[in-house]
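Got the model open in your viewer? Let's walk through a few helices, one selection at a time.

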Amino acid sequence: MSVYSVLVAVTIIFTVALLFFYRSNRKNIELAKVRGESVAIVAISKDAIFSVDAFGKVKSWNMAAESLFGIPSQVIINQHFSSFKPLSPLGLETVLTKGGKQETFTTAYIDGEKNEHKLLITASTIWGDNSQFSGVAVVIRDVTDEHKAKDAIERVNFKLEEKVVSRTKELTKATEEARKASSVKSSFISNISHEMRTPLNGVVGSLSLLKRQPLNDKAEQLVSMMEISCNNLSVLINDVLDLSKIEAGKLDINHQLFEPLTLIESLAKVFAVKAATKGLELIVDTTGLPRVEINSDRHRLNQVLSNLLNNAIKFTEKGHIQLNAALYENDAGLQELHFSISDTGVGIAPESQPKLFTAFIQADASVATQYGGTGLGLSICKQLTQLLGGDITFKSVVDVGSTFSFYVTLTEKTPDTEASFERALEMESAMLSGISIGVSAGYSPLEENICSLAMHVGADAYVLDSNTDKIEWSTFNAVIVDESSPLINDLDDIWHAHTTEQEACALPVVFILQKIEGAPYQFNHIQPIYLPKPLFRSSFTLVQQGIDAALGGYSSSMNELHPSDGNGPSDDAFETVKQTSDPQLSIEDANLLIVDDNLINREVAKGVLESLPGKMFTCCDGEEVIAFLQKCEKKGRRIHSILMDCQMPNMDGYETTRAIREGKAGPLHANVPIIAMTANAMLGEKEKCLEAGMDDFTTKPVIADVLIPKVKQWLIHQTMALKSEDAKRNNEIKSDAPALVDSLLNAINKEASCSSVQEEVSMDDHMSSHSDTNETVTATSANESNALSDIPAPDNGKVRESWDKDDAIARIMGDKALFSRVCELYSQSAPDKLKQLKGAVEEQDFTQVQVLSLKLKGMSADIGAVQLKKDFELVWELSKGAQWEKVKALLPSIDDDLNTFIELLAVA
């Protein structure tokens, strides 16, 4: 039993030992396997790897180490590393110290072939059992290529930094030079504007004086050609200066509130005449534009529209030009004013379209030869629209036409509230609600435009059938017929037939779209109301008045109806305005001082103004002006107005004006009217002159039709301040004439019953100019009306047909005796009324100008003064848009027309 027990115990012990040996052997096999893998990895590594024991003997050495140091493993194994010279610079001594930490460092190494290497060395301590220091493992990587790349990058970066510093200095210097160049360029633009216009002023002024001399036909033709060339040169100079100012960043945008509808309608009236000369229709569609004020640059907007309309007319031989305007709100909540100008012209070839907005470039070389121009207009339009926060685009098809579209972004929303805007829109859309209008124009785009405008104001519009037998006239309240419509030839006969059949009450009111050029179509059986072209939304106020008059049982004529935009005073308001008449004022004793450093400019100004009564004196700079006025002050003599050049040596016009206002020329002339006369076209020049203390502003080249009334009005203004005014007498003329004539006589009586008494202001007739000047004192004794009659009219043609006498007599039932009395009263009252109008225009008195122009228009229409009626109607329209400069420029022409008409009355 004991033997078996021993055997069992031995077996168990042997089994346990065998298991322990198996486990240990398996671990050793696994460890050997791992070690073999590690050795293999170390052996094939590109990094040199070796180990050193605690005594400095090399214990392992891979192939990369053999290759790097050129020492075989058989030679170095179990040898002290310091015995080998290539290993001495590695700095292993510090890490062989017991307890040393891992270190990584870079060192240089030169191999046997004298090649320098950069080595990255990592030395780590090997710890044995019980944390005993047993050696060091060293990994060496050849980082020569990396260091070379790093050095190359650093060199490149250093060079780049040097270049950046150098370039920054260059850019700083260039920026400073650019600023200086921009300043010089701005100064150059300002100076060249003056210098270019100064000789042009001499040429234009000399031509103006030459036109007054007796010339033969050939000489008149040559003068006209020169005048056209001067105008073209002036336009070119303006374009070049605008382009230069834009490129120099000196073209300022002058934002102000204005009504775009007024601007569009005024502009369209001007270009409608130009389109009509080529047989083109100008169509205006503003149904997408509410009658509101916007904040933008009116002048620049006008410049872009004028350029595009002018191009459209220039490149179109038949068809029409259409101007569309609308107001939209973009995604950002800002309002945008959109315009499009379409034509049916020659179009633009696809290959020419990309270069269209490039300065001095036109579609092709033949354009300049056939149509003229410089290629600047569209380039300026492009840059102006961008300055206004918008852009311009176009579409064009050869032989079909072109459409140019642009928009501007408004700086702020219109001041009209949403509620008031909706109310205004509702009122306009209900203007002709329930009214049926028939339309016939013989040209489908024009018919579509008329229908669109009519429907915008609430009417039902239909194009009339060309077959008059199919038209139910009784279904229409009104018909609008263009004079080019084929229907117009049959209209008189149709009305005659219905009148014969006593059906006249069922006939609609007839409105005729009157052609711009030529006499209106004459009817025998119709009393139509004539609508001027182009047709606007505001024209339908006239339509409404005509329909209302017909529904009320009254007949209406053109001169009894007055278009309104809803903003101007009503007829009742006109009647309630107190009528006052200015006394007749004489400027024969007035004294005008002309100041300019250029002799030619002084002579031109004197020549242009020689038709005015009074005396003229000249000075050549500001210092001379102060001395001259001081001399006048001492003698108690007065200068009534000064025409002052701004750019002069020694003492310029601005400084001179300030000195005068400060009383340095004496208190007598501290408030003398000073009119700036400058060739500087830079934006803000007018404001600069007014800020200096000047009262008015005119540009060179001087235009007689602008300068004469401007100077005359200021002389009158100053004379008014020095003369007393007396109350006037009234005479009433009673007549048994019909109501319309009686109303006319009463209105004319109010104007004709006023006269004036002059109070003379004495002044030495022998007054001389300053002793330093060698100028001739010009004095004329012609009276005021003779002076005005010498003013040349804008056109050089023969006197226009201006009197529709037969029609006027017919409208007062053929009473020729009464008509003679009315004409006599008109001759007496109209000149005085025109003087009042001039004074109101000079003072920019909107209400008075509206009243006077409307009265004169009605008076002129009632006696058949066709041209004068158109003149005063144009004054009324221009004043509505506050276009005072255009009104002032128109007054001399009206003066000529009035004088011509009065002469006709005298010999009739």
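Start by selecting α7, residues 298-314. This helix has 17 residues and reaches 24 Å from its first C-alpha to its last, close to the 24 Å expected at 1.5 Å a residue. Keep in mind that you're looking at a predicted model.

Now turn on the surface around α7. Is this helix enclosed or open? Twelve of its 17 residues are buried, so α7 is largely enclosed by the rest of the structure. Among the buried ones are Arg 298, Arg 300, Gln 303 and Asn 311, along with Leu 301, Val 304 and Leu 308.

Next, add α6, residues 260-276. Its axis comes within 11 Å of the α7 axis, and the two cross at roughly 25°. With angles under 35 degrees counting as roughly parallel, α6 and α7 are therefore roughly parallel to each other. The crossing is right-handed.

Show side chains where they meet. From α6, pick Leu 263, Leu 267, Phe 271, Lys 274 and Ala 275; on the α7 side, their partners include Leu 301, Leu 305, Leu 309 and Ile 313. By class, the residues of this contact divide into eight nonpolar, three polar and two charged.

Last stop: select α17 (residues 653-661) and α18 (residues 685-692). Their axes are 8 Å apart, at an angle of about 30°, so this pair is also roughly parallel. Here Tyr 654, Thr 657 and Arg 658 of α17 meet Glu 685, Lys 688, Cys 689 and Ala 692 of α18. That contact has three nonpolar, one polar and three charged residues.

Note on methods. Residues numbered from 1 in each chain as written. Predicted model: local features only at pLDDT ≥ 70, side-chain atom pairs only at ≥ 80, totals over all residues. Heavy atoms only, no water. Axes fitted to C-alpha atoms, helices over the stretch in contact; angles between N-to-C directions. Helix = DSSP H or I, 4+ residues; strand = E, 2+ residues; numbered from the N terminus. Parallel < 35°, antiparallel > 145°, perpendicular 65-115°, else oblique. Left-handed = near helix turned anticlockwise from the far one by under 90°. Contact = heavy atoms within 4.5 Å. Nonpolar A, V, L, I, M, F, W, Y, C, P; charged D, E, K, R; others polar. Expected span 1.5 Å × (residues − 1). Buried < 20%, exposed > 50% of the residue type's maximum accessible area, 1.4 Å probe, protein only.
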